Amino acid sequence: MKFLIIASVVLLGWVWANVEEDLFRRYSGADRIMDQNEFTSYWLHFDRDGDGNVTKEEFDRTWRADGLGDADRAPFFFLEMDRVADEVLNKEDFVHMFHIFDENG
């Protein structure tokens with residue numbers, strides 16, 4: 001439940017701030033709705049070395065570079081999103097995350 005609250009706050013923050021809005025718009029497409037592939041593409045933009053796995057270091061660095069706020073909480077967000085608990089974020093985690101964020105199934 002904590003994760004949903006935090007994720008909701010973070011997601012709403014992204015939608016309302018200009019920098020975050022531009023980032024959302026870049027990945028959501030013209031319909032302004034993210035499907036599973038767009039959602040995955042968004043999270044893979046954190047993957048600095050292109051290996052398909054987002055490490056904690058890559059996540060923290062990109063979170064700060066994108067100016068997503070609460071930079072000191074980024075490590076906590078990473079741990080909450082690592083649903084497979086393998087210390088990286090990848091497509092296996094994104095499937096679980098997508099279902100959490102998906103409002104209309």
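Which residues does UniProt list for "domain: EF-hand"? The unreviewed UniProt entry gives residues 34–69 for this feature; UniProt positions follow the numbering used here, feature names are shortened, and annotations may be inferred rather than shown by experiment. The structure is a predicted model, in which local features need pLDDT of at least 70 and side-chain atom pairs count only at pLDDT 80 or more, while totals for chains, interfaces and linings use all residues. Residues are numbered from 1 along each chain as its sequence is written, and side-chain values use heavy atoms, with hydrogens and water left out.

The overall picture comes first. The protein contains six helices and zero strands, and its pattern along the sequence reads α-α-α-α-α-α. Helices (H or I, at least four residues) and strands (E, at least two) are DSSP runs, numbered from the N terminus. Within the stretch that the UniProt record assigns to the EF-hand, residues 34–69, the chain is 53% helix and 0% strand. The C-alpha atoms at the two ends of residues 34–69 lie 22 Å apart.

Of the 105 residues of the protein, 38% count as buried. Here buried means under 20% relative accessible area, exposed means over 50%, and partly exposed is in between (1.4 Å probe, protein chains only). The accessible surface of the protein is about 6,400 Å², and carbon and sulfur atoms hold 54% of this surface; areas come from the Shrake-Rupley method with a 1.4 Å probe, and for residues only the protein chains shown count as cover. Among contacts in the protein with a separation of 6 or more, 39% join residues 24 or more positions apart, a contact being heavy atoms within 4.5 Å.

Two helix pairings can now be followed on the model. Helix α3 (residues 36–44) and helix α6 (residues 91–101) have axes that come within 10 Å and cross at roughly 120°. Axes are lines fitted to C-alpha atoms, for helices over the stretch in contact, and angles run from 0 to 180 degrees between N-to-C directions. α3 and α6 are therefore oblique to each other; angles under 35 degrees count as roughly parallel, over 145 as roughly antiparallel, 65 to 115 as roughly perpendicular and the rest as oblique. On the α3 side, the contact is made by Gln36, Phe39, Thr40, Trp43 and Leu44. From α6 come Lys91, Phe94, Val95, Met97, Phe98 and Phe101.

The second pairing joins α4 and α5, whose axes are 9 Å apart and pack at an angle of about 130°. That angle makes α4 oblique to α5. The residues in contact are Lys56, Phe59, Asp60 and Trp63 of α4 and Ala74, Pro75, Phe77, Phe78 and Met81 of α5.

Helix α4 (residues 56–65) deserves a further look. Its buried residues are Glu58, Phe59, Asp60, Thr62 and Trp63. Trp63 counts as buried because its relative accessibility is 2%. The C-alpha atoms of Trp63 and Phe46 are separated by 7.8 Å, although these residues are 17 residues apart along the chain. Just after α4, Gly67 takes a positive phi of about 65°.

Positive phi also turns up outside glycine. Most residues other than glycine have a negative phi. Arg32, which is not a glycine, has a positive phi of about 60°. Arg32 sits in the loop between α2 (18–28) and α3, and with a relative accessible area of 37%, Arg32 is partly exposed. Ala85 likewise has a positive phi, near 55°, and is located in the loop between α5 and α6. Its relative accessible area of 61% makes Ala85 exposed.

The loop that holds Ala85 is also home to Asp86 and Glu87. Asp86 is partly exposed, at 33% relative accessibility, whereas Glu87 is exposed, with a relative accessible area of 66%. Both can be traced to distant parts of the sequence. The C-alpha atoms of Asp86 and Thr55 are separated by 9.9 Å, with their positions 31 residues apart along the chain. For Glu87 and Asn53, which are 34 residues apart along the chain, the C-alpha separation is 9.4 Å. Leaving aside residues up to four places away in sequence, Glu87 touches Phe78 and Asp82.
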